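Please open the model in your viewer and keep the selection panel at hand. The tour goes from one selection to the next and says what is found at each stop.

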Amino acid sequence: VRGEAAMNREDVVRSLVELYAEEVEAALRYLHMSLTLEGPDQARKREQVLEAMNETLAHAQVVAKKARQLGTVPELRVRVDLPGETLSGEDALAQALAFETAARDAYAELVDKAEGDPELQEFARAQVQLEDAHVAELEGLLDE
């Protein structure tokens, strides 16, 4: 129903806490990925993966701050199981594409959930655009 402009604060906070955990999980995956890359040009790919890790940690910090602004100290429950296997550059890119696509989709959901809070919606929209750019970049690299 479009008439309900007020956001459900608990639902938004729950989404922010989930996004916080997902961003931290993605950063851990990027860290692990950087250590498991093999193949040609692995040093350059490792640099790119570590850059993505740092950016993802920055996203986690911003999301946690948004949760704090809504009066919640976010809890962090990390659910990551990372195998001790090497990755080719293409496999790493495919995994990174999956992380970034999931993040984009989660931020897009937050846009809808934050209806009634223009500042939070604008934050979520900006994150969707940022994640869209990451997805497009990774898709381009996979197509090379």
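A salt bridge is taken here as a side-chain nitrogen of Lys or Arg within 4 Å of a carboxyl oxygen of Asp or Glu. The model is predicted, and it holds eight salt bridges.

Begin by selecting Arg104 and Asp105, which form one of these salt bridges, with their closest N and O atoms 3.4 Å apart. Asp105 is partly exposed, at a relative accessible area of 37%, and Arg104 is likewise partly exposed, at 22%. Then add Asp11, Arg14 and Lys113, which are joined into one network by salt bridges that share partners.

Next, select Glu25 and Arg79, whose salt bridge has its closest N and O atoms 3.8 Å apart. Because Glu25 belongs to helix H1 and Arg79 to the loop between H2 and H3, the pair ties together parts that are 54 residues apart in sequence. Glu25 counts as buried, at 8% relative accessibility, whereas Arg79, at 57%, counts as exposed.

Move now to Asp41, in the loop between H1 and H2. Its phi is positive, about 65°, although the residue is not a glycine; most residues other than glycine have a negative phi. The side chain of Asp41 meets that of Arg44 in a salt bridge of 2.5 Å, N to O, and both residues are partly exposed, with relative accessible areas of 38% for Asp41 and 42% for Arg44.

For the interior, select Val12, Leu16, Val63, Leu70, Tyr107, Leu110 and Leu120, which have the most contacts inside the largest nonpolar core, a set of 23 residues. Helices H1 (9-36), H2 (42-69), H3 (89-113) and H4 (118-143) each supply at least two residues of this core, and H1 gives the most, with seven. Centring the view on Val63 shows its contacts with Leu16, Leu19, Tyr20, Tyr107 and Phe123, if neighbours within four places in sequence are left aside. Apart from the largest core lies another, of 15 residues, among them Leu37, Val49, Leu87 and Ala96.

Which side chain of opposite charge is nearest to Asp117? Select Asp117, in the loop between H3 and H4, together with Arg9: this is the nearest such side chain, yet it is 6.2 Å away, and the buried Asp117 has no salt bridge. Beyond its neighbours within four places in sequence, Asp117 is in contact with Met7 and Leu70.

Finish at the N-terminal end of H1, which is capped by Asn8, a side-chain oxygen of this residue lying 3.1 Å from the backbone nitrogen of Glu10.

Terms used:
Residues are numbered from 1 along each chain as its sequence is written. This is a predicted model: local features need pLDDT of at least 70, side-chain atom pairs count only at pLDDT 80 or more; totals for chains, interfaces and linings use all residues. Side-chain values use heavy atoms; hydrogens and water are left out. A nonpolar core is a set of buried Ala, Val, Leu, Ile, Met, Phe, Trp, Tyr and Cys residues joined through side-chain atoms within 4.5 Å. Buried means under 20% relative accessible area, exposed over 50%, partly exposed in between (1.4 Å probe, protein chains only). Helices (H or I, at least four residues) and strands (E, at least two) are DSSP runs, numbered from the N terminus. Contact means heavy atoms within 4.5 Å. A polar contact is a pair of N or O atoms within 3.5 Å; within protein, one must be able to donate a hydrogen and the other to accept it, and residues adjacent in sequence count only if both atoms are side-chain atoms. Lys and Arg count as positive and Asp and Glu as negative; His and the chain ends are not counted.
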